[in-house]
Amino acid sequence: MRNNIVHPGADELVYEIRKIVEVGENIEKTGVQIVWDNIGDPVAKGQIVPQWIKEIVAATALGDNASYGYSPTKGLLATREYISYERNIEGGAQITPDDILFFNGLGDAISTVYDYLNKSARVIGPNPAYSTHSSAEAAHAGSPHITYRLDPKNNWYPDIDDVKKQIAVHPDISGILLVNPDNPTGMVYSQDVIRQLVEVAAENDLFIISDEIYSNLCYGGVTHKKLASVIGNVPGIALRGISKEFPWPGARCGWAEFYNRDRDTAFARYAKTIVDAKMLEVCATTLPQKVLPLVMGDARYYPYLARRNAAFWEKSQAAHSILSAVPGLIVHKAYGAFYMTVLFEDGVLRKGQFLKPANETAGTIVEPLIESASFDKCFVYNLLASRGICVVPLSSGFNSDLQGFRITLLEPDITRFKNTLYRIAEAVKEYLASN
Ligand SMILES: Cc1ncc(COP(=O)(O)O)c(C=O)c1O
């Protein structure tokens, strides 16, 4: 090419959660049956969307001609009125429909939020991280994502001292990201932790982004506190969506709530840029916006979520009891979202550890990949080739310096779920003893 056409952040765009599928599919072709536990799609994992939700969607899609049209750039007014009303009655930050902007899923929101941030402004995020955030932020800056530690010895809570330290070392940090409930750890932060992050933001004149896509998926006795409950006067953005809750990831529907735009002119200008960018795209998908208040406002909605949450809690406890019995692993129960992070203790992973592959070809598929892979990725490839279980390594999948992997709590059949966990536990023991 006459000029360099490659984006400076091109190498930062890594989404291991889907990339690992290529390897899994090749192994599947050799006759190994794969348990796909890499992706957070409840529908793909067999979750049946309730009939009453389908009936609302069908009636709205088939019966209402307006569902086929564009919507206003920010989103349908009636839906934004519903969301702002629900937000305001919870207390905390008060918003109007004007403070809400719809996107084609939070993936779209996430890339837009970082794309339109000044190139030199950085947002610090958690480690381990949900990679759509960390990759998009890194790509925007053309440089690796700056992170703060989630502490596995303290329930995966953010290490506030590390947040402060990083902010002091990197004067370009302009915002703090938290994902709560968290992907990949399944942890739900206390209100006090969120308040401490807000205080750090206030002290350093930063804004906050809180990804709350799992805010209604909490269990085990915890209640989720939103950023809005403690944000005070600090400028912030909360991100929410229906992909996980309904669950309807194929709808591509999520939204941003802007808090305290009136408190900071630069933040207000930044928020306006995001709205203007969406205007260039015209609008987000209309049908799911029309459906949203009808589903969330239905008397059956919260009892339905309560039943799902009870099932996640049962699986969280089962996974914890099976995996915490394995020497060399650190696991915490999940209290939100539908993931758990399984961490290898320092020093237990070594070069040359292996599991016997299910067949010779499966072994030859992963062999060249293992040569240059991180220790946790080596385990993940071995697990795939040997047991046909597809999970995501922590290091490359979640932008982390920790060694481990993420599992999901999505398998609807508890017996099959436990069986997979027992097989993982046995594979870990065999792997760690192999060299
Ligand atoms: C924390 C988090 N944020 C955002 C998303 C993206 O969701 P969406 O389907 O709305 O693009 C996901 C998807 O897994 C997620 O885990």
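**Close-up 1. Helix α4 and the shell around the ligand.** Helix α4, which spans residues 105-115, gives the largest share of the shell around the ligand, with 3 residues. Please keep in mind that this is a predicted model, here and in the views that follow. Altogether, 14 residues surround the ligand. The closest of these are G105, L106, G107, N183 and S243. Sorted by class, the shell around the ligand holds 8 polar residues, 5 nonpolar residues and 1 charged residue.

**Close-up 2. Strand β2 and its partner β9.** Here we look at strand β2, made of residues 100-103. Which way do its side chains point? I100 and F102 point one way from the strand, while L101 and F103 point the other way. Whichever way they point, all of them are buried. Strand β2 is joined by 4 bridges to strand β9, residues 254-259, and the two run antiparallel. To find your place in this pairing, start from I100: its bridge partner in β9 is E257.

**Close-up 3. The open sheet, from edge to edge.** Stepping back from β2, we meet an open sheet formed by 8 strands with mixed pairing. Follow the strands in the order β2-β9-β8-β7-β6-β3-β4-β5. The edge strands are β2 and β5, the latter at residues 157-158, and each of them pairs on one side only.

**Close-up 4. Strands β3 and β4 side by side.** Within the sheet order, β3 is followed by β4. Strand β3 covers residues 122-127 and strand β4 covers residues 147-151. These two pair in the parallel sense over 3 bridges. A handy landmark is G125, which stands opposite T147 in β4.

**Close-up 5. Where domain 1 touches domain 2.** The domain assignment of the protein chain gives domain 1 as 10-47 + 302-433 and domain 2 as 51-296. Taken over C-alpha atoms, the centres of domain 1 and domain 2 are separated by 27 Å. Their contact takes 37 residues from domain 1 and 33 residues from domain 2. On the domain 1 side, the elements that give two or more residues are α1 (16-28), α10 (301-323), β11 (339-344) and α13 (394-397). The largest share of that side comes from α10, with 6 residues. And how does the side of domain 1 that touches domain 2 divide by class? This side has 21 nonpolar, 10 polar and 6 charged residues.

Technical notes:
Residues numbered from 1 in each chain as written. Predicted model: local features only at pLDDT ≥ 70, side-chain atom pairs only at ≥ 80, totals over all residues. Near = placed C-beta within 6 Å. Nonpolar A, V, L, I, M, F, W, Y, C, P; charged D, E, K, R; others polar. Buried ≥ 20, exposed ≤ 12 C-beta atoms within 10 Å, placed from the backbone. Pairing = 2+ DSSP bridges. Domains from an automatic or database assignment. Contact = placed C-beta atoms within 7 Å.
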